[in-house]
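Work through the exercises below with the coordinates open. Each task is followed by its solution.

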Amino acid sequence: MKFEYDVIVVGAGHAGCEAAMAASRLGCSTLLVTMDMDKIAQMSCNPAVGGIAKGQIVREIDALGGMMGIITDRSAIQFRMLNLSKGPAVWSPRSQSDRMRFSALWRKTLENAPNLDMWQDAVDRLVLRDGRAAGVHTLNGATFTARAVVLTNGTFLNGLMHIGRTMVPGGRAGEPASCGITEQLRDIGFVCGRMKTGTPVRIDGRSVHFELATPQYGDEDFHKFSFMPNVHRELRQCPCFTVNTNARTHEILREGLPDSPLFNGQIQSIGPRYCPSIETKIVTFADKDSHQLFLEPEGEDTQEYYLNGFSSSLPIDIQIRAMQTIPALRDVQIYRPGYAIEYDYFDPTQLHHTLETRPVGGLYFAGQINGTTGYEEAAGQGLVAGANAALAVLGREPLVLSRDRAYIGVLIDDLITKGVDEPYRMFTSRAEHRILLRQDDADMRLTPLAFRLGLADEVRMRVLEQKREARDGLVELARTLTVKAGEVEALLASVGSAPLRQSVRLVDLVLRPQLSIPMLAQYIPQLNECITALPKDRRDEIVEAAEVLLKYEGYVKREQLNVDKLRRLEDIRIAEDYDYSGINALSTEARQKLQKHRPSTIGQASRIPGVSPSDVNVLLLLLGR
């Protein structure tokens with residue numbers, strides 16, 4: 001039995017799984033410690049991956065050599081590309097997953113990963129030596145040593161579940177809380193707080209009148225999460241359904257408010273504003289008579305359904321009575337009620353951009369322990385934390401993603417420079433350079449970096465190079481091929497586009513909003529031949545990539561110029577021990593915030609709330625710029 005490792009990862013949720021895989025892939029001996037090996041990568045809340053901005057994160061994880069995209073595709077029971085009616089900067093993939101298949105695939109992946117061992121146990125304290133993390137001690141009395149430790153504890157740190165006035169210690173339904181780590185870290189100076197999240201009721205599908213619900217089907221096109229061409233959806237595709245609450249539903253929910261932990265003072269911690277409980281909705285939006293709910297299947301062959309939009313910690317009888325007022329749910333039977341859960345998190349301003357903690361060297365945090373929410377946000381952090389723990393052990397340069405390179409970079413920078421006052425969730429609006437962070441080109445942005453680090457293998461890099469060569473060939477054809485007016489006259493008339501008066505380059509037609517490359521290929525033989533010659537299993541993906549590049553080239557170039565200007569501030573370094581307290585030219589708030597956050601560059605300093613442009617100018621002068 002082995003008790004010494006390079007990297008130890010605590011927790012096998014979405015952050016822990018990616019962290020363990022990243023560390024082991026880089027060649028470090030890695031141990032993944034989890035309370036229950038049957039709950040690996042458990043989908044504690046909704047059985048879905050991706051969504052607005054979250055889908056972009058999963059595409060980035062895949063481009064960096066992570067596993068979430070591959071496992072999501074292989075366990076998908078419905079896939080949709082959201083926001084297709086808008087520009088590609090906000091196109092966002094989302095997939096319903098078979099929850100049990102998702103977890104089983106992750107376990108199989110971890111169990112067969114080289115350099116990776118697993119241990120089922122609970123960690124009750126860290127082993128610390130000379131101000132650094134040196135291992136973990138478990139409830140069963142085992143001590144494992146390591147040169148780096150990654151904590152990904154999710155909602156388990158002193159977790160407390162609420163259903164009405166009933167309170168049950170636990171990190172998830174049917175699972176115990178984790179105690180000891182918070183107290184140990186608080187004693188050595190870490191700042192921690194409490195947050196709250198919730199989950200809806202789980203419904204027996206046999207009791208649902210689906211004929212009274214509206215079905216919602218997935219897409220049947222080429223889109224998916226992984227950039228690898230050999231990864232496909234393997235399971236039967238299933239519909240979701242929508243239903244609506246009504247005035248009577250809200251009336252019953254209001255009856256339960258005196259016993260709601262959110263309104264009777266039982267819960268004091270902060271919950272996610274953008275994903276409110278049903279009881280919060282009826283109070284905040286008191287003028288609304290109806291809210292849309294989504295019945296989402298938990299798997300390909302199970303009767304279990306997740307009632308998205310009905311997150312609640314109200315008493316069980318109130319939850320059931322309220323649902324029974326919805327026609328499709330009038331005979332509803334449930335597997336378990338919704339509940340709220342409170343848990344500990346640590347102020348993320350105590351982290352470096354590598355996700356290593358400032359107070360303790362060799363200790364990394366990822367996921368909800370940093371005040372975030374969501375499987376995707378957790379997994380992105382986990383990959384970065386696990387990779388950086390391994391890179392530090394190997395004595396190599398760290399993985400730090402900038403805001404203009406990845407949504408994961410935006411996420412981590414926001415956490416470290418701004419902190420959190422509610423559970424952090426990624427939105428496209430948080431990314432100021434989102435035209436550069438599209439889901440379609442995450443591989444172009446990140447796979448070369450992942451290959452240099454050792455996170456992506458030669459096969460993935462070769463797939464990228466083939467795609468880039470094919471895309472660029474199609475783009476070059478569009479820029480050089482001349483199209484005569486008569487060739488596309490019928491097409492232009494059919495879509496209501498202005499007729500040609502003379503020959504034009506193909507690119508000029510692609511730029512018209514009514515036209516697309518596949519439409520034009522039906523009328524232009526040279527273009528059709530070029531597309532036909534593309535690899536059949538990647539043809540649609542390559543055509544879309546070329547079209548996006550052509551249609552939005554002007555916007556991309558303009559945004560890149562803005563990035564280049566801002567990057568100058570990111571290149572101006574600030575010493576970590578810089579003393580701001582005596583700089584009277586800075587505002588009082590700026591001195592306090594800079595002293596607390598310790599930005600490493602002027603760019604980071606400029607994003608700290610309370611640091612004004614005039615404060616940034618003072619810093620530039622002091623640094624000789």
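**Exercise 1.** Determine whether Thr-152 is buried or exposed, and describe its surroundings.

Step 1. Thr-152 has a relative accessible area of 6%, so Thr-152 is buried (buried means under 20% relative accessible area, exposed over 50%, partly exposed in between, with a 1.4 Å probe and protein chains only). The model is predicted: local features need pLDDT of at least 70, side-chain atom pairs count only at pLDDT 80 or more, and totals for chains, interfaces and linings use all residues. Residues are numbered from 1 along each chain as its sequence is written, and side-chain values use heavy atoms, leaving out hydrogens and water.

Step 2. Thr-152 sits in the loop between β10 (148-151) and β11 (160-163); strands (E, at least two residues) and helices (H or I, at least four) are DSSP runs numbered from the N terminus.

Step 3. Beyond four places in sequence, the contacts (heavy atoms within 4.5 Å) of Thr-152 are Val-9, Val-10, Gly-11, Ala-15, Gly-16 and Ala-366.

Step 4. A polar atom of the Thr-152 side chain lies 2.7 Å from the backbone oxygen of Val-10.

**Exercise 2.** List the buried residues of helix α21 (residues 613-622) and find what they pack against.

Step 1. Asp-615, Val-616, Val-618, Leu-619 and Leu-620 are the buried residues of α21.

Step 2. Their packing partners are α18 (553-570), α19 (588-597) and α20 (602-606).

Step 3. Just after α21, Gly-624 has a positive phi of about 80 degrees.

Technical notes: Polar contact = N/O pair within 3.5 Å; in protein donor to acceptor, adjacent residues only side chain to side chain.
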